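Student: I'd like to go through this model with you and ask where the labels come from. Can you set each value against its cut-off?

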Amino acid sequence: MKEPTAVDPALAREVQRQLAILMRGVVDCVAADDLARRLAAALAAGRPLRVKLGFDPTSSDLHVGHAVVLRKLRQFQDLGHHAIFIVGGATAMLGDPSGKDKTRPTLTREQVERNAQSYLEQAFKVVRREERYADGRAGEIEVRNNADWFLELRFADFIRLCSKMTVARMIERDNFTKRMKEGAPIGIHEFVYPLLQGQDSVEVKADVELGGTDQLFNLLVGRDLQADAGQPPQICMTMKVLPGLDGVQKMSKSLGNYVGLTFPPDEVFGKVMSVPDALIPLWVELLTDRFVAEQGEASLAAALASNPRETKAGVAESITAWLHGEQAAGEARMRFDRVFKEKDVSHDAPERVLPRAEVPEGKLWIVDLLCRLEFAASRSEARRLVQGNGVKLNGVVAADDKLEVDLREPVLLQAGKRRFAWVSVR
RNA sequence: GGGGAGAUACCCAAGCGGUCAAAGGGGACGGACUGUAAAUCCGUUGCCACUGGCUUCGCAGGUUCGAAUCCUGCUCUCCCCA
């Protein structure tokens, strides 16, 4: 179908401008030409698009992997569109099978509610509460909890919802196919999940839904359900999934390969520095606004080739900056250089004080000390750490696991490269 | 409903009466080399004491001088047939 009317050139330019911004980092956009059309229609009518993004509060932390789609949502807001943030209060109890080769544990209602609160606070580090639309009207982000409609759902309605999907379509999904091949179990409840997520789109009348590439199936179900309900089917935009610090697996809290949105500046900076080089272009694309233009990509490649370390530090600094501000980011970078480049830990080691009562003669066994500071999880581990030359006292390797550490003066204790503290007794 | 296979440490996986705290790989951690990158090499990888004890091989019992290994029951999973 062709555009039915002659298009205002200014409007067409604005649509192109918005599309250019919105398509960055996007893998699939179903149906892309429909997006252009809807943008034009919305702009012409001075009404914002309704853009939906949902998260299940399955743990209490969001990380920069979540931030990829949150940033996309923010871009929509910045362009004058309306964000709808769905807290998956009901769906979290189910567990999304997407991208999982295992059944997720189901959560209780209490756990979910506890998580949802901190989730929102963290999300607002990236998206904004206040919105301003193309026609100048002010508004604010719409936060909805799908527990509000699902926990009340009548059984008959639930069955009706289930009837809208077939088993054949369900098991087309590669992660289900894979699990079947491996003989791994698949719970019936996992089949229900995409239907619920799709129903959310019907409830909020979404124009666009965002998600990771692993979400495409769920997003598409939303289109079907909307069409079934007589709504125009939403545009589904999927973003590249951010690999975690290990460079292989998707970033996730349970794998421990993540950078949390609540991490302190030093930790954000440090974690980003430990990202494998090969991933840097992807991190730049998904998490920064640097090197946007096409020649920018060339200059990124050049920068990486000539000085990978400094380039990475720049990326680390800008990610730290949007979570903690420019100043904190600059300081984190400085401390990082001092600790890891100049290997001088003494300025930046935090102070750890032990109560005098626990250190009777001003001395403490080195193994106990490491456990006390939680530098080691058990005495055996502490002992191994010492025996493996992993512990330094005042900059000198301490390889004797029987050593009694004299704590009458403050001591600079280091375990491995990253754990260190000034230890004193008071 | 019938028949078959299986459950081993963070994960995969060997072991099928003693020499098993349990091979091998992955991961993780520490060390060397570095840029808290990659690659490589070395070491460690149940807990507590220190060359001894305790707990661990789905869960509960039993046989045995002795079990991850044999028997019984239970729980869970997968496959084939209906």
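Student: How many nonpolar, polar and charged residues does the surface near RNA strand B have?

Tutor: Seven nonpolar, nine polar and ten charged. Nonpolar here covers Ala, Val, Leu, Ile, Met, Phe, Trp, Tyr, Cys and Pro; charged covers Asp, Glu, Lys and Arg; the others, Gly among them, go down as polar. Before we go on: this is a predicted model, where local features need pLDDT of at least 70 and side-chain atom pairs count only at pLDDT 80 or more, while totals for chains, interfaces and linings use all residues. Residues are numbered from 1 along each chain as its sequence is written, chains are lettered from A and ligands numbered from 1 in the order written, and side-chain values use heavy atoms, leaving out hydrogens and water.

Student: What makes a residue count as near the strand?

Tutor: One of its heavy atoms has to lie within 4 Å of the strand. For RNA strand B, 26 residues surround it, and the closest are D277, F336, R379, S380 and R384. Of the strand's atoms within 4 Å of the protein, 71% belong to sugar or phosphate and the rest to bases.

Student: Which helix gives the most to that surface?

Tutor: α18, with five residues. Helices α15 (308-324), α16 (326-341) and α18 (379-387) each supply at least two. Helices are DSSP runs of H or I with at least four residues, strands are E runs of at least two, and both are numbered from the N terminus.

Student: How do you know that R384 makes a polar contact with the RNA?

Tutor: A polar contact is a pair of N or O atoms within 3.5 Å; within protein, one must be able to donate a hydrogen and the other to accept it, and residues adjacent in sequence count only if both atoms are side-chain atoms. A polar side-chain atom of R384 is 2.6 Å from a phosphate oxygen of RNA strand B, so the pair passes the cut-off. The side chain of S378 has an N or O atom 3.1 Å from a phosphate oxygen, whereas for R383 the partner is a base nitrogen, at 3.5 Å.

Student: Why is N115 called buried?

Tutor: Buried means under 20% relative accessible area, exposed means over 50%, and partly exposed is in between (1.4 Å probe, protein chains only). N115 has 11%, so N115 is buried. This residue lies in helix α5 (residues 109-123), and a polar atom of the N115 side chain is 3.0 Å from the backbone oxygen of P57.

Student: What about N257, buried or exposed?

Tutor: Buried, because its relative accessibility is 4%. N257 sits in the loop between β8 (235-239) and α12, with a polar side-chain atom 3.5 Å from the backbone oxygen of Q249.

Student: And why does E317 get another label?

Tutor: E317 comes in at 22% relative accessibility, so it counts as partly exposed. E317 belongs to helix α15. Its C-alpha is 8.8 Å from that of V268, with the two positions 49 residues apart in sequence numbering.

Student: How is chain A divided into domains?

Tutor: Into domain 1 (9-239), domain 2 (265-341) and domain 3 (351-425), with bounds from an automatic or database domain assignment. The centres of domain 2 and domain 3, taken over C-alpha atoms, are 33 Å apart.
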